[in-house]
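Me: I'd like to learn how to read a model like this one, feature by feature. Could you walk me through it?

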Amino acid sequence: MNGMSGSSTAAPAPSPSGLFQHRGRHHGGMMHMTFFWGKNTEVLFDGWPGTSLKMYWVCLATVFVFSALSEWLSRCGIMKAGPASLGGGLAQTVIYTVRAGLSYLIMLAVMSFNGGVFLAAMAGFGVGFLIFGSRSFKDTGINNNHTEVQSHC
């Protein structure tokens with residue numbers, strides 16, 4: 001009978017270490033698990049930004065803009081409560097979903113453990129808060145002769 005002789009023709013299972021190997025990774029094919037500095041990294045996509053300094057700066061600028069945009073979306077007027085309506089609820093849901101997606105992308109970018117990507121994300125959140133969340137660029141409507149501070153909480 002064919003196939004009953006005890007020998008198998010199936011391919012061997014891949015080794016566990018082979019599952020983690022990837023071309024271009026540092027330290028013998030393993031992914032970074034501690035922060036490191038340098039332009040040779042991968043963020044979000046296979047091979048991006050690669051080894052080019054120009055693409056690394058594009059990556060940092062993208063992470064910065066996404067972080068600031070996420071901060072803006074969390075503080076824009078569409079997310080505030082208003083009259084109950086289906087259209088308003090759908091707009092809030094779309095904005096919330098986009099903001100959550102951006103936040104997860106930023107989190108995954110930071111998980112590349114590249115120090116520059118981490119700093120770009122934190123700077124983007126900080127600048128986004130400064131512009132859209134802090135009192136620096138808002139007219140609080142308080143008379144300048146008063147010394148009391150208006151609470152936003």
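**Reading the model**

Reply: Let's start with charges: the structure holds 1 salt bridge, meaning a side-chain nitrogen of Lys or Arg within 4 Å of a carboxyl oxygen of Asp or Glu. This is a predicted model, where local features need pLDDT of at least 70 and side-chain atom pairs count only at pLDDT 80 or more, while totals for chains, interfaces and linings use all residues. Residues are numbered from 1 along each chain as its sequence is written, and side-chain values use heavy atoms, with hydrogens and water left out.

Me: Which residue forms a salt bridge with E71?

Reply: The general idea is that side chains of opposite charge can pair when their charged atoms come close. Here the partner of E71 is R75, with the closest N and O atoms 2.7 Å apart. Both sit in helix α2, 4 residues apart, about one turn of the helix. Helices (H or I, at least four residues) and strands (E, at least two) are DSSP runs, numbered from the N terminus.

Me: Is E71 buried or exposed?

Reply: Buried means under 20% relative accessible area, exposed over 50%, and partly exposed in between (1.4 Å probe, protein chains only). E71 counts as buried because its relative accessibility is 12%. R75 has a relative accessible area of 35%, so R75 is partly exposed.

Me: How many helices and strands does the chain have?

Reply: There are 4 helices and 2 strands. Going along the sequence, you meet them in the pattern α-β-β-α-α-α.

Me: And how far should I trust each part? Where in the chain is confidence lowest?

Reply: Use pLDDT, the predictor's confidence in each residue, from 0 to 100. The chain averages 78, and 69% of the residues score at least 70. The low point is helix α1 (residues 16–20), with a mean of 42, whereas α4 is highest at 95. Over residues 15–27 the pLDDT is below 50, and this stretch has 15 contacts in the model beyond near neighbours in sequence. A contact here means heavy atoms within 4.5 Å. Residues 146–153 also stay under 50, and the model gives them 7 contacts beyond four places in sequence.

Me: Next, the inside. Which residues make up the largest nonpolar core?

Reply: First the idea: a nonpolar core is a set of buried Ala, Val, Leu, Ile, Met, Phe, Trp, Tyr and Cys residues joined through side-chain atoms within 4.5 Å. The largest one has 12 residues: V43, W48, Y56, C59, L60, V63, I106, A109, V110, V117, A120 and A121. Helices α2 (53–75), α3 (86–110) and α4 (115–132) each supply at least two of them. The largest share, 4 residues, comes from α2.

Me: What is W48 in contact with, leaving aside neighbours within four places in sequence?

Reply: W48 contacts T41, E42, V43, M55, V58, C59 and T62. For another inward-facing example, try S67, which is placed in helix α2. S67 is buried, because its relative accessible area is 0%. Beyond four places in sequence, S67 touches I106, A121, G124 and F125.

Me: Now the outside. Which residues make the nonpolar surface patch of about 680 Å²?

Reply: Patches use residues with over 30% relative accessible area and no salt bridge: like charges are joined within 9 Å, nonpolar side chains (Val, Leu, Ile, Met, Phe, Trp, Tyr) within 5 Å. Areas come from the Shrake-Rupley method with a 1.4 Å probe, and for residues only the protein chains shown count as cover. This patch is made by L44, F45, Y104, L105, M107, L108 and M111. M107 lies in helix α3 and is partly exposed, because its relative accessible area is 39%.

Me: What about unusual backbone geometry? Which peptide bond is cis, with omega near 5 degrees?

Reply: As a baseline, most residues other than glycine have a negative phi, and most peptide bonds are trans. The cis bond runs from W48 to P49, and P49 belongs to strand β2 (residues 49–50). L44 has a positive phi of about 70 degrees although it is not a glycine, and L44 lies in the loop between β1 (41–42) and β2. F113 also has a positive phi, near 65 degrees, and sits in the loop between α3 and α4.
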